[in-house]
Structure formats: C-alpha cells, structure tokens
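The following exercises concern a single protein chain. Each sets a task and then works through the solution step by step.

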Amino acid sequence: RIDPVDPWPIEIDGNRVLLGPLIEGALYDLLAGVSTEYVASRLHATVACIAARLALHAGDAIGGDLPWALSGGVFQNRAVVHRLRDLPQTRGRVMHL
C-alpha cells in the first residue's frame, strides 16, 4: 500500500510541463527539512498526475475513450504506476504499461 500524498503544483501549457512550480515545491520541502522519503513520495505523486493529465489531454485531442499505451523508464517505477492507477480520473481506464 502506498500512502497518499499531495503532488507539487503542476502547470501544463498545451503539451508542455512547466517545471518552475514543481521545482519550487520540491525546494520548499527540502529547505523545510522534510524527510527524503516524503520528498520522493511527492515526486512520484507529481509524476503520476502529470502523466494522467497529459494522457487525458491527448485523448481529448483525438476524441474517444481509447486505452492508454504508456512507455518509458518512469513507468517501471512501481510507486508511480500505483499512484497513476489510484487517481480518480484514471480509475477504470485501460492502461498498457
């Protein structure tokens, strides 16, 4: 079981992820002295939310409720995949990883 944590702020412009808010949130946590485990959990939650938002955006652009085919090394991380599958907007969605 993976404990729920809030992602850092996410700003997306079209298909581009703007990293400024994410980096600012990470630096704030690190400077506040929170544990590295908590920072890692927030990073995993943030990456999962970014993947979901971009996949939903792509699906809207082509129309239809198609299965998702997600690839890349980030999807070999079990924490990211579990968080991605647990998001309300992805429940019940067919994902091929």
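## Exercise 1: A proline ahead of the strands

Pro9 sits in the segment before strand E1 (11–13). Task: in this predicted model, determine whether Pro9 is buried or partly exposed, and state which residues Pro9 is in contact with beyond its neighbours within four places in sequence.

Solution. Step 1: the relative accessibility of Pro9 is 48%. Buried requires under 20% and exposed over 50%, so Pro9 counts as partly exposed. Step 2: once neighbours within four places in sequence are left aside, the contacts of Pro9 are Pro21 and Leu22. Step 3: as a distance check, the C-alpha atoms of Pro9 and Ser41, which are 32 residues apart along the chain, are separated by 14 Å.

## Exercise 2: Overall fold and dimensions

Task: give the order of strands and helices along the sequence, and decide which radius of gyration a compact globule with 97 residues would have.

Solution. Step 1: the chain contains three helices and four strands, arranged along the sequence as β-β-α-α-β-α-β. Step 2: for 97 residues, a compact globule would have a radius of gyration near 13 Å, and the 14 Å of the chain agrees with this. Step 3: the C-alpha trace spans about 45 × 30 × 25 Å along its principal axes. Step 4: among contacts with a separation of 6 or more, 71% are between residues 24 or more positions apart. Step 5: 30% of the 97 residues count as buried, while the chain exposes about 6400 Å², with 56% supplied by carbon and sulfur atoms.

## Exercise 3: Two residues of helix H1

Task: Asp29 and Leu27 both belong to helix H1. Assign each to buried or partly exposed, and identify the side chain joined to that of Asp29 by a polar contact.

Solution. Step 1: helix H1 covers residues 20–31. Asp29 counts as buried because its relative accessibility is 6%. Leu27 counts as partly exposed, since its value is 47%. Step 2: the side chains of Asp29 and Trp8 are joined by a polar contact of 2.9 Å. Step 3: apart from neighbours within four places in sequence, Asp29 is in contact with Trp8, Val34, Tyr38, Val39 and Arg42. Step 4: the C-alpha atoms of Leu27 and Val39, 12 residues apart along the chain, are separated by 9.5 Å.

## Exercise 4: Helix H2 and the nonpolar cores

Task: compare the span of H2 with the expected value, state what covers its buried residues, and list the members of the largest nonpolar core.

Solution. Step 1: H2 has 27 residues and reaches 39 Å from its first C-alpha to its last, close to the 39 Å expected at 1.5 Å a residue. Gly63 follows H2 and has a positive phi, near 80 degrees. Step 2: the buried residues of H2 include Val39, Arg42, His44 and Gly59. Their cover includes strand E2 (16–18), H1, strand E3 (68–69) and H3. Step 3: nonpolar side chains tend to be buried together in soluble globular proteins. The largest nonpolar core here has 12 residues: Ala48, Cys49, Ala51, Ala52, Ala55, Trp68, Leu70, Phe75, Val81, Leu84, Leu87 and Met95. Helices H2 (36–62) and H3 (78–86) each supply at least two residues of this core, and H2 gives the most, with five. Step 4: a second, separate core of five residues includes Leu22, Ala26, Val39 and Ile50. Step 5: Met95, a member of the largest core, is in contact with Trp68, Leu70, Leu84, Arg85 and Thr90, leaving aside neighbours within four places in sequence.

Note on methods:
Residues are numbered from 1 along each chain as its sequence is written. This is a predicted model: local features need pLDDT of at least 70, side-chain atom pairs count only at pLDDT 80 or more; totals for chains, interfaces and linings use all residues. Side-chain values use heavy atoms; hydrogens and water are left out. A nonpolar core is a set of buried Ala, Val, Leu, Ile, Met, Phe, Trp, Tyr and Cys residues joined through side-chain atoms within 4.5 Å. Buried means under 20% relative accessible area, exposed over 50%, partly exposed in between (1.4 Å probe, protein chains only). Contact means heavy atoms within 4.5 Å. A polar contact is a pair of N or O atoms within 3.5 Å; within protein, one must be able to donate a hydrogen and the other to accept it, and residues adjacent in sequence count only if both atoms are side-chain atoms. The radius of gyration is taken over C-alpha atoms; the globule rule is 2.2 Å times the number of residues to the power 0.38. Accessible areas come from the Shrake-Rupley method with a 1.4 Å probe; for residues, only the protein chains shown count as cover. The expected span of a helix is 1.5 Å times one less than its number of residues.
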